Amino acid sequence: MAVVTTRVLEVRKNVLNKNDELARDMRKTFETAGVFVLNLVSSPGSGKTMLLEKTLAELRQRGLRVAALVGDLETDNDAKRLAQSGAPVRQIKTDGRCHLEATMIRTHLDGWSLDALDFLFIENVGNLVCPASYDLGEAVRVALLSVTEGEDKPLKYPTMFNSADAAVITKMDLAEACEYDRETALRNIREIRPSIEIVELSAKRGLGMDAWLSFLERKKRAASLR
Amino acid sequence: MHELSIILGVIETVSESAQAANAKQIIATYLRVGALSGVVKDALLFSFDLASQDTPLAGSKLIVEELPVVIHCHSCGENKVLDGVQSFRCPVCHTPSADIRQGKELEIRSIEIEV
């Protein structure tokens, strides 16, 4: 009779090792090139594209060199909207995948000179779950929450809000109509991510944009001093 | 749901490790999954049953160990286990803490093989 031996083999490997390693490499590349990279995450319809449209235009007006990568399941509508700012924009079509991965970022940067950029914005797929697990090599992850979504969203999607470095409350112009409870929303975010920086704005109406732009410039300056 | 693509990565790594160890058969895969890893245990198990068919892992078991979040409380000077992910405060002194020491794991810990 054949002798069957079983044994336990230690593997100790991070499942997302390949993504994480690539993201770490890219982060170094971005730092060396002096480009400040932001990963924008939110649920669909929170206003990522609107915020980016205005941000790209404003930063260009200030003489800064900006570019954007936009993730979407199917269309390139968002890239077309953003390209109107005059900034280089590329669409990443995920073909149904619910998140961006580091390798998609690398592929879509092909041919762009990172040295010639000050800011690179990555608009993730609208989804508050899956993108949380994927490091894209960004310096800062920004989670957006619109006032129309409900103040308890951070509690419903704690993994995403916990992984964010900053939060932006969008559509502040609609706050009153939605009976938005500001205190509760801010408390919920900070319950999930203590000491997180929070910016409140309405990109459409231009409210709070100055605070957002100075946040970007301050973060970039801090990163270049490290 | 991104658990399926996560599981495809697990199957690839486990197949490679088992082959490198000259395994005749794979009996079980042990995963460690933190409460902040962004994946759901049931979705992992469901994806595993589907995706492991026609691979060396077909018929083997997937055992998922769930890890709670551990924060470091700077007031108490100690690590504390949280009983959920709804509040990142020390359960003893209630000081908020963003210093996470455990809970983001998504790791293949070990495999049980027949050699």
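## Chain B and the sheet it shares with chain A

Walk along chain B and you meet the pattern α-β-α-β-β-β-β-β. That comes to two helices and six strands, where helices (H or I, at least four residues) and strands (E, at least two) are DSSP runs, numbered from the N terminus. Keep in mind that this is a predicted model: local features need pLDDT of at least 70, side-chain atom pairs count only at pLDDT 80 or more, and totals for chains, interfaces and linings use all residues. Residues are numbered from 1 along each chain as its sequence is written, while chains are lettered from A and ligands numbered from 1 in the order in which they are written.

Here are the overall figures for chain B.

| Property of chain B | Value |
|---|---|
| Radius of gyration (over C-alpha atoms) | 17 Å |
| Radius of gyration of a compact globule of 115 residues (2.2 Å times the number of residues to the power 0.38) | near 13 Å |
| Box filled by the C-alpha atoms, along the principal axes | roughly 50 × 30 × 15 Å |

Of the 115 residues in chain B, 37% count as buried, meaning that 20 or more other C-beta atoms, placed from the backbone, lie within 10 Å of the residue's own. Take the contacts (C-beta atoms, placed from the backbone, within 7 Å) in chain B with a separation of 6 or more: 71% of them involve residues 24 or more positions apart.

Now for the partner. On chain B, 30 residues are in contact with 28 residues of chain A. The elements giving two or more residues to this side of chain B are α1 (3-20) and β6 (106-114), and β6(B) provides the largest share, nine residues. By type, this side of chain B has 16 nonpolar, ten polar and four charged residues; Ala, Val, Leu, Ile, Met, Phe, Trp, Tyr, Cys and Pro count as nonpolar, Asp, Glu, Lys and Arg as charged, and the others, Gly among them, as polar.

β6(B) also runs antiparallel to strand β1 (residues 6-14) of chain A, with seven bridges joining the two. In this pairing (DSSP finds at least two bridges between the strands), A:Asn14 stands opposite B:Glu107.

The result is an open sheet of four strands, ordered β1(A)-β6(B)-β1(B)-β2(B), with mixed pairing. β1 of chain A and β2 (61-67) of chain B are the edge strands, each pairing on one side only. On average, neighbouring strands are turned by 20 degrees against each other, direction ignored. α1(B) packs on this sheet, touching β1 of chain A as well as β1 (25-34) and β6 of chain B, and its direction makes about 40 degrees with that of β6(B). Axes here are lines fitted to C-alpha atoms, for helices over the stretch in contact, and angles run from 0 to 180 degrees between N-to-C directions.

Conventions: Buried ≥ 20, exposed ≤ 12 C-beta atoms within 10 Å, placed from the backbone. Contact = placed C-beta atoms within 7 Å.
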